[in-house]
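The following exercises are to be worked through with the sequence and the structure in view. Each task is followed by a solution in steps.

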Amino acid sequence: MNQTLERWSSRRAFILAVTGAAVGLGNIWRFPYITGENGGAAFLLIYIGFVVLLGLPVMMAEILVGRAGRSSPMLSLGKLARQAGRSEHWRWLGLFGAFTVFCILSFYSVVSGWAMDFMVTAFSGGFQGMSADQVGAGFGDFLANPLRMAMDHTLFLVLTMLVVAAGVSKGLERLNNLLMPALYLLLFVLAGHAISMDGFGPALEWLFTPDFSAVTPMVFIHAMGHAFFTLAVGACALMAYGAYMPDHQSLPGAAAAVAILDVIVALLAGIAIFSVVFTQGMDPGEGPGLMFITLPVAFADLPFGAFWLGLFFLLLVLATWTSSINLAEPIVATLIGWGMTRRRAALVTGVCVWLVGMLCVLSFSTLSDFHVLGSMNFFDVVSTIPPEIFLPLGGLLIAIFAAWVMPEQEALRALDAGPNGFRLWRIVLRWISIPLVIVVLISGLV
Ligand code: PFF
Ligand code: NA
């Protein structure tokens, strides 16, 4: 099996793939609204702290396991555990990861469908001349229309599974390479445009002047979950990509580059979005609709606004596309590991995710008051519990596996950062990252 496994065609291609996985809805849609709901600057600081102390070391751990195992997450974990003379039950961690990404993909596809729909509306000038209130009302009508959302979700998922079925290295790599810089550029332009808005000063103040008095253990839980989510860590998705990582590439450098870019994209999106929020007197705690309401307003008074807004949503869809492909990979790799062909695995995955995604679609209309957990409906649950509980839990187990279980020699080789780099990484993982996840998880649960 190992011989037939694909490889990314170059080091650059690997970094691009991981960047593609990391940069997505998490940065541009989820980061602003989660930050808004959690009061701004204090949350932002805690989240950045978690990116450095947890996200980055665990990201290295996760990719390294895949690289050392060179198989699907389940098989890699089992194989490395056996080599170390430990229980092969570790392989179930791979299945847990597949379950986690399954849940995430089901809502990710639905929200990406919104972005696709908004792209079409934007290009056709549908948001022209609208006030913030009108855009908000329009978004409400959109959510109440399950048929339209179902079509968007279906289309996006088909696009995702087509690429997954074709394999990792062909079209996607090139698409990523070509188009992602355009998204970053456009975000820069948007954030630059925000400077001229009345809300720019208040937005900066709100984002960067922390007030720790309002911080609760739940804020830590949200920040930790988001750090894992935005870096695509904790669900064995990067482990699956690590299996295709070329030899002779140092892991820490690649991981750090991805994390820095990911944080910058989120900050730019935050500045652009909150400047509009404060200019228009909107509520930063608006929730999942925040980006979909602020951006059409932001572009409304720009010259050629309809075109730029459409372009922005187009690039966002491309960014979510490369993330959703990564989300599907651990499931597909697991099924391939069980003997399915890639095409069949992609089909089975697509159908199952589609069904669960439909429950998310209906959560905004028919099932909106169907409370699955406390006051949360189905969409609220899948968009909260897997990112905030499953990812940290999966990340914790991956970290324990890499730091304490797998053969040291294999880890050293797969990190590819020399003996000192290896020691430093392992000390951070053992004595900072692992205890920190445990403490935050426990304090949040109590
Ligand atoms: N990192 C992606 C984003 O920020 O949109 C989401 C994601 C991808 C989460 C892959 C988890 C994952 F395994
Ligand atoms: Na991200």
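**Exercise 1.** Determine how Arg70 is classed by burial.

*Solution.* Arg70 has 19 C-beta neighbours inside 10 Å and therefore counts as partly exposed. The classes are buried for 20 or more other C-beta atoms within 10 Å of the residue's own, exposed for 12 or fewer, and partly exposed in between, with C-beta atoms placed from the backbone. Arg70 is found in the loop between H3 and helix H4 (73-83), where helices are DSSP runs of H or I with at least four residues, strands are runs of E with at least two, and both are numbered from the N terminus. Its phi is near 50 degrees, a positive value in a residue other than glycine.

The model is predicted: local features need pLDDT of at least 70 and side-chain atom pairs count only at pLDDT 80 or more, whereas totals for chains, interfaces and linings use all residues. Residues are numbered from 1 along each chain as its sequence is written, while chains are lettered from A and ligands numbered from 1 in the order in which they are written.

**Exercise 2.** State whether Cys236 is buried or exposed, and locate it.

*Solution.* Cys236 lies in the loop between H10 and helix H11 (237-242). With 35 C-beta neighbours inside 10 Å, Cys236 counts as buried. The phi of Cys236, near 65 degrees, is positive although the residue is not glycine. Most residues other than glycine have a negative phi.

**Exercise 3.** Describe the surroundings of ligand 1.

*Solution.* First, 16 residues surround ligand 1 (C-beta atom, placed from the backbone, within 6 Å of it). The closest are Gly24, Gly26, Ala232, Ala235 and Ala237. Next, at least two residues of the shell come from each of helix H1 (11-22), helix H2 (25-37), helix H5 (92-123), H10 and helix H14 (305-337). Finally, the shell divides into 10 nonpolar, 6 polar and no charged residues. Here Ala, Val, Leu, Ile, Met, Phe, Trp, Tyr, Cys and Pro count as nonpolar, Asp, Glu, Lys and Arg as charged, and the others, Gly among them, as polar.

**Exercise 4.** Characterise helix H19 (residues 418-445).

*Solution.* H19 has 28 residues and spans 39 Å from its first C-alpha to its last, close to the expected 40 Å (1.5 Å times one less than its number of residues). At Leu429, H19 bends by about 35 degrees, the angle between axes fitted to the seven residues ending there and the seven starting there. The buried residues of H19 include Trp425, Leu429 and Val440.
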